Amino acid sequence: MDVDGAPSFSKHLVDLKGDLNCLAEIPKVLLGRSNHTFPAVILGIVDKQKPFSEEKAKKLRSLRDRLQQQLTELLGDDGILLFPSFPTPAPFHHQPLLTPFNFAYTALWNTLALPVVECPMGLNDDGVPVGVQAIGAPNSDNLLIGVATDLEEGFGGWKPLQNPQPSMNHF
């Protein structure tokens with residue numbers, strides 16, 4: 001999220017039509033009157049702060065760029081990395097608020113600016129959707145779409161939820 005000149009997260013929360021006052025939004029969240037989740041509002045607050053010194057931010061950007069280069073070289077022109085979409089089957093509504101760092105399974109690829117396609121893989125034994133991400137090198141979109149098509153054909157793709165019963169597997 002540290003891109004010079006990019007709009008702040010609080011501006012994205014209102015579709016770039018102003019700038020959400022995230023501090024004033026906290027009571028609304030607590031009363032269930034906000035259009036935004038608590039983590040989104042907190043992120044809007046944190047985004048305006050500089051959590052790292054410029055030296056530390058420069059080091060983190062350097063590490064990110066090195067990882068992106070290594071993965072791009074590893075994947076080459078025709079490599080695909082299959083990676084879980086989430087550490088658990090599809091969570092119940094609002095459940096991810098209790099595990100806010102699980103977003104890292106998808107955020108990693110956004111941070112590295114690598115193309116990704118989400119591939120629904122069907123349902124687990126509890127009738128809950130599961131999927132996998134296919135990640136490729138820059139400009140491998142056509143390859144990723146082909147892989148997604150093959151995975152969908154091979155595993156049945158998207159299926160509607162089968163009225164799951166809450167079990168410990170979902171938490």
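**Entry 1: the second largest pocket**

I began with the strands that line the second largest pocket of this predicted model. I found that β2 (116–123) and β3 (129–135) each supply at least two residues of its lining. I then looked up the volume of this pocket, which is about 230 Å³. The lining consists of 14 residues, and I noted those closest to the centre of the pocket: S85, A90, P129, V130 and G131. What is the chemical character of the lining? I recorded 8 nonpolar, 4 polar and 2 charged residues. As a general point, I wrote down that rolling a probe the size of a water molecule over the atoms shows where empty space is left.

**Entry 2: the chain as a whole**

I next asked how many helices and strands the protein chain has. There are 6 helices and 3 strands. Reading from the N terminus, I listed the order of the elements as α-α-α-α-β-α-β-β-α. Along the principal axes, the C-alpha atoms fill a box of roughly 50 × 45 × 30 Å.

I then turned to burial and surface. The protein chain has 171 residues, and 26% of them count as buried. I noted an accessible surface of about 11800 Å² for the chain, with 58% of that surface belonging to carbon and sulfur atoms. For contacts, I considered pairs of residues at least 6 apart in sequence; 57% of these contacts join residues at least 24 apart.

**Entry 3: the annotated region**

I consulted the UniProt record, an unreviewed entry, which lists residues 52–144 as "domain: Amidase". Over residues 52–144, I recorded 37% helix and 20% strand. The C-alpha atoms at the two ends of this stretch are 35 Å apart.

**Entry 4: two residues with positive phi**

I reminded myself that most residues other than glycine have a negative phi. Which backbone angle sets A113 apart from that pattern? A113 is not a glycine, yet I found a positive phi of about 55° for it. I located A113 in the loop between α5 (104–111) and β2. Is A113 buried or exposed? Its relative accessibility is 53%, so A113 counts as exposed, the cut-off being over 50%.

I made the corresponding check for N139. N139 is not a glycine either, and its phi is positive, at about 70°. Where does N139 lie? I placed N139 in the loop between β3 and α6 (141–155). N139 has a relative accessible area of 75%, and I therefore entered N139 as exposed.

Methods:
Residues are numbered from 1 along each chain as its sequence is written. This is a predicted model: local features need pLDDT of at least 70, side-chain atom pairs count only at pLDDT 80 or more; totals for chains, interfaces and linings use all residues. Side-chain values use heavy atoms; hydrogens and water are left out. On a 1 Å grid over the protein atoms alone, a cavity is a set of points where a 1.4 Å probe fits but cannot get out, and a pocket is an open set with protein on both sides within 12 Å along at least five of seven lines; lining residues have an atom within 4 Å of a point. Grid points are joined across faces, edges and corners, and a volume is the space filled by probe spheres set on the points. Helices (H or I, at least four residues) and strands (E, at least two) are DSSP runs, numbered from the N terminus. Ala, Val, Leu, Ile, Met, Phe, Trp, Tyr, Cys and Pro count as nonpolar, Asp, Glu, Lys and Arg as charged, and the others, Gly among them, as polar. UniProt positions are given in the numbering used here, feature names are shortened, and annotations may be inferred rather than shown by experiment. Buried means under 20% relative accessible area, exposed over 50%, partly exposed in between (1.4 Å probe, protein chains only). Contact means heavy atoms within 4.5 Å. Accessible areas come from the Shrake-Rupley method with a 1.4 Å probe; for residues, only the protein chains shown count as cover.
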